[in-house]
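Q: Could you take me on a close look at one part of this structure? I'm new to this, so please explain any term you need as you go.

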Amino acid sequence: MKPCILFHTAIFTALSRCLGAAAEPDSQPKWPLQSFKSTPLQAPYMNVTKYGKTDLGYLFISPHDILRETGHPTIYADDGQLVWQGPQMNISAYQPQMLDGEPVLAYWNGYLFSGFGFGGISIVNSSYDEIYRVTLPGEDQKFSTVADPQTFESYIDIHESQITDEGTILVTAVNITQMDLSSIGGPKDGFVQDGLFYEIDIKTNKVLFRWSTVEHLSEIPLSDIVLPLNDAGRNKTEPFEYPHLNSIAKYGDSYLVSSRFMCSLFFIDKNGTVTWHLHGQKGGSFTLSPGSNFCYQHDARFTSQTDKKITLQLHNNANADFTSDTELTTGLILSLDLTQHTASAVQRFWDAEEPVFAHSQGSYQTLSNGHVLLQHGATPKVEEYDEEGALVMRARFGFDEAMQSYRGYRFPWIGRPRSVPDVAACVEKGKGKGKTVVYVSWNGATDVQSWRVMAGQESGGFRVVETVPRNGFETEIRLGATLKKVLVEAVGGVGDGRKSEVVTVGDAC
């Protein structure tokens, strides 16, 4: 494995090589972008089709446009309109959450390799200010990596950013460790990339809990891994990836851990002991009922829990980079009987008309009205289902193998940007020549009701010339006269009364 050590814009060209994209960039069409007059922002079109009533809230995804080498945290409205686009970066594990009773956005950003990375977690508020930066310094944990002797500011991996009710955050990390691989046909003095997770206090950056897969080899044996060994594990620069942890959740004092390459979920108590193990192919601690199998899964969470029964949800990729991509990807609900030690399928969700075969990434979210939102990772598609499993929304934001998002969620959000509205104005050419056209947008604002246009006076000051309803991310306003200078004021919402800068009306549009 050749490491892809990348930062910011450099990532996406190499990412297509690292993930084994099916075609070279020049041979693939580029997904169209939304562009605007008032701002240089560009974002992928979200092509939305609705078949029923969807839940309230915006859509949160982080499109990685491999062909254009761009990636951003974004928010979209249900009609496909852009709401907010954050800075360009290497981004993963982006999700809206609550912290101290307030909505926040949490996401990983940093250096990205093929399937893992080294960075920190940014937590931003509704004004899009970074209020915390969670890091995991290497000198404290003594990490060994494929990039040695290169060091990093922080060693948090790309896969998780789950905030708990206690004001802590769950994150993953990787560490190269020597291990005997002879039991699976590898060298006795082999190397693995250990999967670890941490619970860290957000405000103090203090590590409160640490857990390592390698340190629990007796409970999580190598024999359960489904990743082909091939030539990996023979040296430090090409370690065998045991076990690739990709989601962590906390319930009481215990943790639910998902291992992609072991097709497994582990429930770990506060002492680090594995309470139970659910293997999606072999069963582990459970006997699998027909239809309850899964593999290469992501975003595993409990939906309910008692001493005798657990209901859990996950994004069942059923495919990986090294498989034939012929298994249907679904959202899966499982019931675990802790007394009888059985696992049974409760419900599966999939789009029968446009099935997905996602070989990496993805998410499963239970919404407040009982609906389910699936985002398919390497397949740039979002689906919403009602409680009966009927598809109520299908949305696509890119071509396969050219666009992806690690996860995707729906969440209520009120954006309070500290910026001012962006405005451009020009004189219309052609028919209606001489009239002024004004374009206004406000990146991140969610509840502006109208825009009030003001024109500069010869004697100084400004007068109101038009008030129009807001219409999507950017509103076009046509005025019946030629103006020299304009400014625009937001009407309604938390930004009521915020004025743009004064702009000079340009020549022909």
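A: Let's start with a word we'll need: a pocket is an open set of grid points with protein on both sides within 12 Å along at least five of seven lines. Bear in mind that this is a predicted model.

The part to look at is the second largest pocket, which holds about 700 Å³ of space. Its lining has 27 residues, and the closest to the centre are Gln95, Pro96, Gln97, Gln162 and Ile163. Six strands each give at least two residues to that lining: β10 (91-99), β14 (162-163), β18 (245-251), β23, β27 (363-366) and β32 (408-411). β10 has the largest share, with five residues. As for chemistry, the lining splits into 11 nonpolar residues, 10 polar ones and six charged ones.

Now pick out β23 from that list and follow what goes on around it. Look for arginine 301 and glutamate 160, whose side chains meet in a salt bridge at 3.1 Å, N to O. This pair links distant parts of the chain: arginine 301 is in strand β23, glutamate 160 is in the loop between α2 (138-141) and β14, and 141 residues separate them. Arginine 301 also forms a salt bridge with aspartate 299, where the closest N and O atoms are 3.0 Å apart.

Are these three charged residues buried or exposed? Buried means under 20% relative accessible area. Glutamate 160 has 0% relative accessibility, so it counts as buried. Aspartate 299 comes in at 1%, so it is buried too. Arginine 301 has a relative accessible area of 9%, which means that it is buried as well.

Next, step back to the loop that comes between β22 and β23. Cysteine 295 forms a disulfide with cysteine 263, and their sulfur atoms are 1.7 Å apart. Here again, distant parts of the chain are linked: cysteine 263 is in the loop between β19 (254-259) and β20 (264-268), cysteine 295 is in the loop between β22 (287-288) and β23 (298-305), and they are 32 residues apart. The torsion about the S-S bond is about 50 degrees, so this disulfide is right-handed. Both cysteine 263 and cysteine 295 are buried. A search of the whole structure turns up one disulfide.

β22, on the other side of that loop, has a partner strand of its own. It pairs with β26 (residues 342-349) in the parallel sense, over two bridges, and one bridge puts threonine 287 opposite threonine 342 in β26. β26 also runs antiparallel to β25 (residues 330-337), with seven bridges joining them. Among the residues involved, leucine 334 has alanine 345 in β26 as its bridge partner. β25 and β26 make a hairpin with four residues between the strands, and histidine 341 takes a positive phi near 60 degrees there.

One last pair lets you compare. Glutamate 489 and arginine 452 form a salt bridge, their closest N and O atoms being 2.8 Å apart. Glutamate 489 is in strand β38 (residues 485-491) and arginine 452 is in strand β35 (residues 450-456), 37 residues apart along the chain. Glutamate 489 is buried at 9% relative accessible area, whereas arginine 452 is partly exposed at 25%. The search of the whole structure finds 26 salt bridges.

Key: Residues are numbered from 1 along each chain as its sequence is written. This is a predicted model: local features need pLDDT of at least 70, side-chain atom pairs count only at pLDDT 80 or more; totals for chains, interfaces and linings use all residues. Side-chain values use heavy atoms; hydrogens and water are left out. A disulfide is a pair of cysteine sulfur atoms within 2.5 Å. Buried means under 20% relative accessible area, exposed over 50%, partly exposed in between (1.4 Å probe, protein chains only). On a 1 Å grid over the protein atoms alone, a cavity is a set of points where a 1.4 Å probe fits but cannot get out, and a pocket is an open set with protein on both sides within 12 Å along at least five of seven lines; lining residues have an atom within 4 Å of a point. Grid points are joined across faces, edges and corners, and a volume is the space filled by probe spheres set on the points. Ala, Val, Leu, Ile, Met, Phe, Trp, Tyr, Cys and Pro count as nonpolar, Asp, Glu, Lys and Arg as charged, and the others, Gly among them, as polar. A salt bridge is a side-chain nitrogen of Lys or Arg within 4 Å of a carboxyl oxygen of Asp or Glu. Two strands pair if DSSP finds at least two bridges between them.
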